[in-house]
Each structure stands twice: as structure tokens, then as C-alpha cells.
Amino acid sequence: MGAKGLRPVIKIIKENCVNCHRCIMVCPVKMCNNGAGDVVEFNSDLCIGCGECINACGHNARVGIDDFDAFMNDLKAGTRIVAIVAPAIAASFNGEFLKVNGFLKKIGVKGVFDVSFGAELTVKSYLAYRHQKHPATIIAQPCPTLVSFIEMYRPELIPFLAPADSPMLHTMKMIKKYYPQYVGHKIVAISPCYSKRREFDFVGIGDYNVTFKSIQDYLTRTGDRITKYASLPYDNPPAERAVLFSMPGGLMRTIERYDTTVASYTRKIEGAPEVYHYLAHLGKVIRDKKTPFYGLVDCLNCRMGCNGGPGTTNQGRHIDELEGNVEKRSGAARAHYGNTKAQKISHKKNKLDNLLDDYWQEGLYDRSYVDRSDIFKRAVKFPGSQDIQAIYATMYKKTERDILDCGSCGYASCEQMAVAIFNGLNKPENCRHYIEIQKRLINEQHKQEIEHSINTVYGHTLGEMNKSIDGIGSLSNHINETATSVLSSSSAVEQMVERIRSIYENLEHNAKTVLKLNASSLEGKNRIFEIGELISQVSTQSDALIDACKIIGDIAEETSILGMNAAIEAAHAGDAIGKGFAVVAGEIRKLATNSGHQAEEITKSLKNIKALIDNSTKSSTQAQAQFDIIVSLVDAVKKEETTIKDAVESQNNGSQQVIQALNEVNALISKIKDESAALLVSGNAVIDHIQSLKEV
Ligand code: SF4
Ligand code: SF4
Ligand code: SF4
């Protein structure tokens with residue numbers, strides 16, 4: 001990768017980022033972050049991989065990158081791999097750390113080596129360097145984050161970095177040199193740290209960096225437990241007190257085995273931001289060509305050392321709990337070698353020294369460093385004072401008092417923020433002072449807008465409201481008029497209904513009368529018919545009487561003729577006989593003549609009667625015809641009456657419905673009247689409020 005750029009070891013999950021800028025606040029180098037957008041992004045080339053932002057981000061937007069997936073996939077594919085395990089394992093897996101060896105072997109790792117033994121070799125390298133070169137100071141380099149920091153941001157300290165490999169690289173080189181059976185095997189580092197991967201890139205050894213956290217996550221994900229695996233020893237010799245290397249001061253305490261005075265010339269320092277402030281100060285001492293106070297700087301990036309590294313899950317745990325596990329292991333390791341006490345540097349070698357000699361070779365573990373500060377210089381430009389002032393102007397910083405240096409933006413000072421803005425890595429909107437002024441300006445603006453709005457309300461809305469009130473008033477009048485006219489309509493309809501009802505009653509009465517008339521007409525008609533019949537019979541009988549009178553007349557005539565003949569005969573018979581007979585015959589003739597006259601008179605009378613009867617018959621027939629007309633007219637009247645009655649009845653029903661509807665309309669209008677009155681009251685109240693608004 002060279003000086004061109006650094007492998008990303010941290011990534012951002014943008015959708016989780018809430019743009020709180022806490023990552024910038026904790027970042028020791030600041031300018032790798034870009035806070036100018038809606039999420040804070042970062043430039044991997046400028047990031048030293050310290051992991052501070054991972055621990056600080058409460059939104060899981062920053063996560064570390066390791067090689068767990070590649071390691072597992074290659075292992076499954078049959079790649080031969082050996083593992084080296086960092087000393088911090090004792091803190092992360094408590095008393096079960098040797099079971100991690102069982103787990104690794106179970107999944108196919110061929111050999112497992114303890115980096116603590118590499119740390120013992122590291123101490124040997126340091127002491128050799130110090131003994132041979134007598135440097136003014138030695139800056140410890142087991143922490144790859146601090147090495148990256150010095151190479152990129154404090155290159156003046158590079159000459160003071162121990163020119164020896166880290167414990168991990170000591171272990172890797174040891175495997176390559178002294179374990180020929182693992183030639184061709186790839187090496188996985190089981191570590192508490194994401195930035196370790198970069199060390200492999202820089203030195204060109206090491207293939208995978210797998211964090212404790214990834215292994216623990218894997219076990220959790222698969223429902224597995226480390227306790228079920230066998231505790232297996234490492235495949236290299238055991239370390240002694242270098243197992244303490246994972247905790248702050250571990251280097252110093254290991255050197256103590258040879259030099260009990262080491263604490264007097266060692267600066268033990270760890271954790272951001274202190275270690276970075278310290279290195280900045282040390283850089284100044286060097287630039288000022290002064291002699292550093294301490295001959296050894298035992299430094300680590302993380303506050304609890306590697307035991308609390310970003311690749312562990314130990315951030316919330318107590319330091320005593322973590323270090324207690326490590327101290328326990330250290331006690332056992334020292335007991336193993338019979339070194340329970342510190343000893344003065346001695347040329348008398350013990351068992352451990354002899355063992356270390358077996359894995360030591362002059363120059364094998366040498367390390368050099370690269371000045372990578374050009375990456376930073378290329379990426380970040382420093383503005384002149386005029387540029388700074390121009391940027392301050394955009395942040396409303398006009399006087400010294402406006403330079404708050406409050407750190408709210410995430411930077412250590414306003415000037416650092418101005419540098420970030422100059423490089424497009426931040427924006428004035430993220431400055432607390434800027435926000436305050438903006439707030440004030442916005443308040444002012446709002447005040448003016450509110451005043452304007454109130455005036456508008458007063459001058460315009462009030463007018464509109466008055467119009468509305470007028471409208472409501474006239475609406476109210478309309479409603480009242482409507483109510484009155486509905487009421488009068490209502491009474492008119494009621495009168496009409498009353499009239500309809502009376503018509504209906506009259507019609508009912510008429511119907512009864514018509515029915516009676518109809519019955520009387522029928523009866524009259526029948527009577528006339530009967531009279532006609534009787535007259536007809538009288539007429540017939542009159543004819544018979546006339547005939548009888550004619551017969552009487554005929555008989556009377558014949559009798560008269562006979563009387564005349566008898567008289568003639570009596571005349572012939574003489575007076576004696578004929579005289580009496582002639583008297584009879586004369587009487588007979590007189591009777592016959594009288595009868596004839598009477599018959600004629602009767603016939604005359606009968607004919608007169610008959611003529612009268614015939615007239616009566618004609619009149620009776622005409623009367624019948626008249627009655628027929630009367631009956632049919634009465635019938636028609638009855639039908640018409642029924643039709644009118646039905647119509648009036650349905651009109652009566654309809655009218656009842658109209659009345660009901662009018663009653664409902666009345667009720668509704670009364671409600672509307674009430675509401676319109678209430679509306680009027682509310683409208684007037686609104687006007688009062690609007691008027692009082694202006695007084696506010
Ligand atoms: S700490 Fe940084 S990465 Fe995390 S949410 Fe805040 S701004 Fe985003
Ligand atoms: S890992 Fe460290 S250097 Fe990198 S962005 Fe995070 S805090 Fe900054
Ligand atoms: S005043 Fe603004 S620029 Fe200065 S430190 Fe505070 S937030 Fe950052």
C-alpha cells in the first residue's frame with residue numbers, strides 16, 4: 001500500500017448516522033472526518049484506526065473492519081492457516097482463554113501461537129537496541145494505531161520509535177524462521193484491534209486480522225459456547241510476565257524483570273486524548289532539540305490498553321476485572337519459570353533467557369518506519385490568517401469574544417474548525433456560536449414577521465372578519481325572515497289542510513246523499529215501470545170494454561130491428577093479439593135503442609179514457625226514459641264524487657306530510673338561528689382577540 005494510502009479498517013453505516021459529530025469530537029486526528037454533509041463521512045487515508053469513534057458512536061454508525069469472513073471462507077476452502085493470539089485474550093475470555101485454542105484447532109487452524117512469547121522477544125529487542133544505541137528515548141510501538149499516528153501526523157517522532165517489530169510481528173517472524181513445518185501456511189492474528197491489519201500491510205507479513213469481537217459474535221450467532229471446547233496449550237513456549245503486554249505499563253513491567261529502575265525513566269501513558277497530547281508535546285520537545293525527559297515511552301492508544309481495544313466487547317467492563325484476569329495469568333506464568341520477584345539486570349541467564357536465545361537472531365526482528373505525513377499534507381491545507389478571518393466572518397465571529405473554543409463542533413478550537421471549513425470538511429452551520437447568532441437573527445426575523453402578520457391580521461383580517469360578521473348578521477336576518485315565512489307558510493298550509501278536511505267531510509256527506517238519490521231514482525224508475533205495466537193492462541182492458549160495448553151496440557141494433565119486426569108482426573096480428581105484443585115490441589125497441597145509445601156513450605167514454613190511458617202510457621215511457629237518464633247521471637255523479645274524494649284524501653295525506661316537513665324545517669331553522677347567534681358571538685370574540693393581538 002506504501003505511502004499512497006491506508007487500508008480502511010473502519011467503515012460508516014450511513015443510514016445509522018444522525019450527524020451528531022461525536023465521532024469528530026473523540027477523533028484524535030479530526031481531519032479524517034467530513035462533517036460538511038448530512039452524515040459524517042471519513043477519509044480512510046487520514047484515519048489512524050484508533051476505533052475511538054466506534055466506541056463513541058451511540059448509533060452503531062461506525063464499525064470496524066476485520067478479516068473474519070475471508071479467514072473462515074479460506075479455512076473452509078482448505079487453506080492451511082496458523083493463528084497467533086494476542087495477550088489480551090486473557091481479559092476477553094476470562095479463565096477460558098485456552099479454550100479459544102481448542103475452538104481454533106476445531107475449525108481447522110493447524111497451529112496456535114501465543115503472542116505473549118513474541119512480546120518477550122520484543123523486550124529482548126528493545127533492551128538490545130537501548131544497550132547498543134543509547135537513544136535519548138524509545139517510543140514503544142506495539143500499538144499500530146500510535147505507529148500510524150506518528151508516521152502520518154508526528155513524523156518528527158519516527159526516529160524515536162523502537163526500530164523493532166511489535167510482539168505480533170516478532171511472533172510471525174519467529175514462526176516463519178523457527179517452525180519450518182508451517183512454511184507455506186497463512187497467518188491469522190487473533191487480536192483486540194482493527195488497525196493491526198495495517199501493520200501487516202506495512203511489513204508485508206500476516207494474512208488475516210480477526211478480532212475477539214468477531215469470534216464472540218460468531219459464537220453467539222451460531223448458538224455456540226467457548227466453554228464446550230478443550231483448553232489447549234499454545235504451540236510455542238509459554239511467556240513469562242510479558243503476558244502483561246495487553247495492559248497499560250505491560251512493557252515496563254516486563255522490562256522490570258531485568259531492570260528494577262525502569263519505572264524511573266518510563267512514561268506510561270495511554271488513552272485518547274492524553275496519549276496524543278503527550279506525543280504532540282514530545283514532538284515539540286524534539287523539534288526544539290531538547291532532550292526528552294523519559295528514556296522510554298510505554299504508550300497505548302486505548303484507555304484500558306489492548307484489554308479494552310475496539311475489537312473487544314470489553315468497553316463497558318471494569319478495568320480491575322479485565323486486568324485481574326491478566327494479573328492472574330501473569331502470576332501463573334512467572335511461577336512456571338520460578339521468577340516470582342523482580343530481578344536486577346544480570347548477565348546470568350535463566351531458563352527463559354536461554355529459551356529466548358533459541359528464537360533470537362540479530363537483525364531478524366528489526367523494523368523501519370515510513371514518513372506518511374505527505375498524505376496528510378496533500379489532503380489538508382492550512383489557511384492563512386486572512387482566510388481564517390474570512391471563514392470566521394461566515395461564522396459571525398467578529399470579536400475575540402466570539403472565539404469560544406467550546407469544542408461543540410467536535411474540534412479542539414475555533415481555529416481547527418476554520419481549518420476544517422477551509423478544506424470543505426465542515427460548515428459554519430455546525431458551530432455553536434453560529435447557531436446562537438442564527439437563532440437570534442431568526443428570532444428577530446420571526447419577530448418582524450409576527451409584527452407584520454399582526455398588522456396584516458389587524459388591517460386586513462380584521463376587515464375581513466368584520467365583513468364576515470356583517471355577513472353573519474345578514475345571514476341571521478335572512479334566517480329570521482325565512483323562519484317567519486316558513487311559519488306563515490306553515491299556518492297557510494294548515495288552513496289549507498283544514499279546508500281540505502272540510503271538503504273531504506262535505507264530499508263524504510255528498511256521497512251518502514248521492515247514494516240515497518241513486519237508490520230513490522232506482523226505486524222511482526221501478527215504480528214508473530210498474531205504473532206503465534198497470535196502464536198497459538188498463539189500456540188492454542179498455543179495448544176489451546170498447547169491443548164489449550160494440551157488441552152491445554150490435555145486439556141493441558139487432559134487438560131494435562127485432563122489436564121493429566115484432567111491431568110490424570103485431571100490427572099484422574090485430575089489436576087483440578097484436579096490441580099487447582106491439583107494446584112489448586115497442587118497449588123492446590125502446591130498450592134496444594137506449595142500450596145502443598148507452599153502448600155508444602160508453603164506447604165514446606171508453607175511447608176518451610183509452611186516449612187518456614195511451615197518453616199516460618206515453619208519459620210513463622217518457623218518465624222511464626227520464627229515470628234512466630237520472631239514474632245514469634246519479635251513477636256518474638257517484639263515480640266523480642268517489643274520484644274527487646280519493647284525490648282530496650291523498651291531498652289530505654300529502655298535506656299532513658307537508659306539515660310534518662314544515663315542522664322539521666321550523667326546528668332546524670330555530671337551531672340555525674341559535675348557531676348563527678353563537679357564530680356572531682364567536683366572530684365578535686375573534687375580533688376582540690385580533691384587536692388585543694395588536695396590543696401584545
Ligand atoms: S458519532 Fe459520528 S458516526 Fe456516529 S452518529 Fe454521530 S456523527 Fe454519525
Ligand atoms: S478510527 Fe480513530 S482516527 Fe479513525 S476516524 Fe475513528 S476516531 Fe478518527
Ligand atoms: S465556537 Fe464554534 S467553532 Fe469554536 S469550538 Fe465552539 S463550536 Fe467549534
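**Three ligand shells and two sets of strands**

Around ligand 2 there are 15 residues, of which the closest are Cys 27, Cys 47, Cys 50, Glu 52 and Cys 53. The structure that holds this ligand is a predicted model, and the descriptions that follow should be read with that in mind. Sorted by class, the residues around ligand 2 comprise 11 nonpolar, three polar and one charged.

Ligand 1 is likewise surrounded by 15 residues, and here the closest are Cys 17, Cys 20, Cys 23, Cys 57 and Ala 61. Two helices contribute to this shell, since α1 (22–26) and α2 (52–56) each supply at least two of its residues. In terms of class, the shell around ligand 1 holds 10 nonpolar, three polar and two charged residues.

The shell of ligand 3 is drawn from another stretch of the sequence: 13 residues surround this ligand, with Leu 404, Cys 409, Cys 414, Met 417 and Cys 431 as the closest. The elements that give two or more residues to this shell are α17 (414–422) and α18 (432–572). Its residues divide into seven nonpolar, four polar and two charged.

From the ligands we can turn to the strands, beginning with β5. How many of the five residues of β5 are buried? Five of the five residues of this strand, which spans residues 81–85, are buried, and β5 is therefore largely enclosed by the rest of the structure. In a regular strand, side chains alternate between the two faces of the sheet. In β5 both faces are covered, with Ile 81, Ala 83 and Val 85 buried on one side and Val 82 and Ile 84 buried on the other.

Strand β5 also has pairing partners. It runs parallel to β8 (residues 186–191), to which it is joined by five bridges, and within that pairing Lys 186 of β8 is the bridge partner of Ile 81. Four bridges join β5 to β6 (residues 111–114), again in a parallel arrangement, and in this case Ile 84 stands opposite Phe 113 of β6.

Elsewhere, three strands form an open sheet in the order β7-β11-β10, and their pairing is parallel. Because β7 (138–139) and β10 (266–270) stand at the edges and have a single partner strand each, one side of each is left without a neighbour in the sheet. The pairing of β10 with β11 (residues 296–300) is made by five bridges, the two strands running parallel, and across it Lys 268 stands opposite Asp 298 of β11.

Conventions. Residues are numbered from 1 along each chain as its sequence is written. Chains are lettered from A and ligands numbered from 1 in the order in which they are written. This is a predicted model: local features need pLDDT of at least 70, side-chain atom pairs count only at pLDDT 80 or more; totals for chains, interfaces and linings use all residues. A residue is near a molecule or strand if its C-beta atom, placed from the backbone, lies within 6 Å of it. Ala, Val, Leu, Ile, Met, Phe, Trp, Tyr, Cys and Pro count as nonpolar, Asp, Glu, Lys and Arg as charged, and the others, Gly among them, as polar. A residue is buried if 20 or more other C-beta atoms lie within 10 Å of its own, exposed if 12 or fewer, and partly exposed in between; C-beta atoms are placed from the backbone. Two strands pair if DSSP finds at least two bridges between them.
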